[in-house]
Amino acid sequence: MSKKKKKDKLEKTLVEKILDQQKIKYRQTSFATHKDSGGVAQMDTSILKDKQPLVYKTLVCEGNKTGPLVGVVPITEHLSMKKLAKISGNKKCEMLPLKKLQKTTGYVHGANTPIGIWFNHHLPIYLDDSMNGKDEIAVSSGEVGRSIWVNPQDLAAFCHAAITDLKE
């Protein structure tokens with residue numbers, strides 16, 4: 001491999017190493033980041049334009065009966081807490097408070113990934129059905145600004161995830 005190709009290649013995240021170990025195909029990608037008014041790092045996905053609905057966010061919630069659980073929806077959509085509660089056997093769900101996020105998942109806001117959360121904690125994962133029929137979608141690879149493109153069926157199988165309608 002030439003020096004230029006080595007230099008252009010991103011160092012692998014733990015999530016990418018997990019996927020390599022499981023022999024699951026993926027593609028690395030990175031996005032510019034900026035801090036919002038609350039000082040929280042955000043990815044800038046505006047460069048994707050028409051592919052933006054293929055990028056998914058991982059939202060960690062808390063069910064009143066099950067405790068922590070994860071919903072994965074397109075970044076262009078909102079997670080329905082009612083739908084998540086119903087599918088997960090809870091009466092209600094709410095977002096996990098930021099101060100509990102890293103302790104619960106091992107990831108900071110903006111870096112949560114269904115792959116790492118399942119691998120390390122086996123929390124219940126629910127994927128939005130909008131990914132059905134897509135060849136690949138992007139999810140975080142465990143670092144702010146880093147994502148992977150992966151086949152959604154491979155993602156669901158690895159995370160033992162239910163695929164259901166989660167959008168508001």
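The following exercises, each with a worked solution, concern the predicted model shown above.

**Exercise 1. The three-stranded sheet**

Determine the strand order and pairing sense of the open sheet that contains strand 1, and identify its edge strands.

Solution.
- Step 1. The sheet is open and has 3 strands in the order 1-9-8, with antiparallel pairing.
- Step 2. Strand 1 (26-30) and strand 8 (137-140) are the edge strands, since each pairs on one side only.
- Step 3. On average, and with direction ignored, neighbouring strands of this sheet are turned by 30° against each other.
- Step 4. Strand 1 and strand 9 (residues 146-150) run antiparallel and are joined by 5 bridges. Within strand 9, Ser-147 is the residue opposite Thr-29.

**Exercise 2. The five-stranded sheet**

Establish the order of the open sheet of 5 strands, and state which strands stand at its edges.

Solution.
- Step 1. The strand order is 6-4-5-7-10, and the pairing is mixed.
- Step 2. Strand 6 (93-95) and strand 10 each have a single partner strand, so one side of each has no neighbour in the sheet. These two strands therefore stand at the edges.
- Step 3. The average turn between neighbouring strands of this sheet is 35°, direction ignored.
- Step 4. Strand 4 pairs with strand 5 in the antiparallel sense, over 8 bridges. Lys-57 has Val-73 in strand 5 as its bridge partner.

**Exercise 3. Salt bridges between distant parts of the chain**

Locate the salt-bridge partners of Arg-27, Glu-62 and Lys-167, and classify the exposure of the residues in each pair.

Solution.
- Step 1. The whole structure contains 9 salt bridges.
- Step 2. Arg-27 meets Glu-136 through their side chains, at 2.4 Å from N to O. Because Glu-136 lies in the loop between strand 7 (125-128) and strand 8, and Arg-27 in strand 1, the pair ties together parts that are 109 residues apart in sequence. Glu-136 has a relative accessible area of 27% and is partly exposed; Arg-27, at 42%, is partly exposed.
- Step 3. Glu-62 forms a salt bridge with Lys-100 (3.0 Å, N to O). Lys-100 lies in helix 4 (residues 98-105) and Glu-62 in strand 4 (residues 56-63), so that the two are 38 residues apart. Lys-100 is partly exposed at 33% relative accessible area, and Glu-62 is partly exposed at 21%.
- Step 4. Lys-167 forms a salt bridge with Asp-129 (3.5 Å, N to O). Asp-129 belongs to the loop between strand 7 and strand 8, and Lys-167 to the segment after strand 10 (162-164); they are 38 residues apart. Asp-129 is partly exposed at 29% relative accessibility. Buried residues have under 20% relative accessible area, and Lys-167, at 18%, counts as buried.
- Step 5. Shared partners join Lys-83, Asp-128, Asp-129, Asp-165 and Lys-167 into one network of salt bridges.

**Exercise 4. The surroundings of Asp-128**

Describe the exposure of Asp-128 and its contacts beyond four places in sequence.

Solution.
- Step 1. Asp-128 is found in strand 7 and is buried, with a relative accessible area of 0%.
- Step 2. In sequence, Asp-128 and Ile-163 are 35 residues apart, while their C-alpha atoms are 5.7 Å apart in space.
- Step 3. With neighbours within four places in sequence left aside, Asp-128 is in contact with Val-72, Val-73, Pro-74, Ile-163, Thr-164, Asp-165, Leu-166 and Lys-167.

**Exercise 5. The two faces of helix 4**

Assign the buried and exposed residues of helix 4 to its faces, and name the elements against which the buried residues pack.

Solution.
- Step 1. Leu-101, Thr-104 and Thr-105 are the buried residues of helix 4. Viewed down the helix axis they fall within an arc of 85°, so they line one face.
- Step 2. An α-helix has 3.6 residues a turn, so residues three or four places apart point the same way.
- Step 3. Lys-99 and Lys-103 are exposed, on the face turned away from the buried side of helix 4.
- Step 4. The buried residues of helix 4 pack against strand 4, strand 5 (67-74) and helix 5 (114-121).
- Step 5. After helix 4 comes Gly-106, with a positive phi near 90°.

**Exercise 6. The crossing of helix 2 and helix 5**

Characterise the crossing of helix 2 and helix 5, and list the residues that make the contact.

Solution.
- Step 1. The axes of helix 2 (residues 14-21) and helix 5 come within 9 Å and cross at roughly 75°.
- Step 2. Angles of 65 to 115 degrees count as roughly perpendicular, and helix 2 is therefore roughly perpendicular to helix 5.
- Step 3. Helix 2 contributes Val-15, Ile-18, Leu-19 and Gln-21 to the contact, and helix 5 contributes Ile-115, Gly-116 and Phe-119.

How values were computed:
Residues are numbered from 1 along each chain as its sequence is written. This is a predicted model: local features need pLDDT of at least 70, side-chain atom pairs count only at pLDDT 80 or more; totals for chains, interfaces and linings use all residues. Side-chain values use heavy atoms; hydrogens and water are left out. Two strands pair if DSSP finds at least two bridges between them. Helices (H or I, at least four residues) and strands (E, at least two) are DSSP runs, numbered from the N terminus. Axes are lines fitted to C-alpha atoms, for helices over the stretch in contact, and angles run from 0 to 180 degrees between N-to-C directions. A salt bridge is a side-chain nitrogen of Lys or Arg within 4 Å of a carboxyl oxygen of Asp or Glu. Buried means under 20% relative accessible area, exposed over 50%, partly exposed in between (1.4 Å probe, protein chains only). The arc is that of the directions from the helix axis to the C-beta atoms. Contact means heavy atoms within 4.5 Å. Angles under 35 degrees count as roughly parallel, over 145 as roughly antiparallel, 65 to 115 as roughly perpendicular and the rest as oblique.
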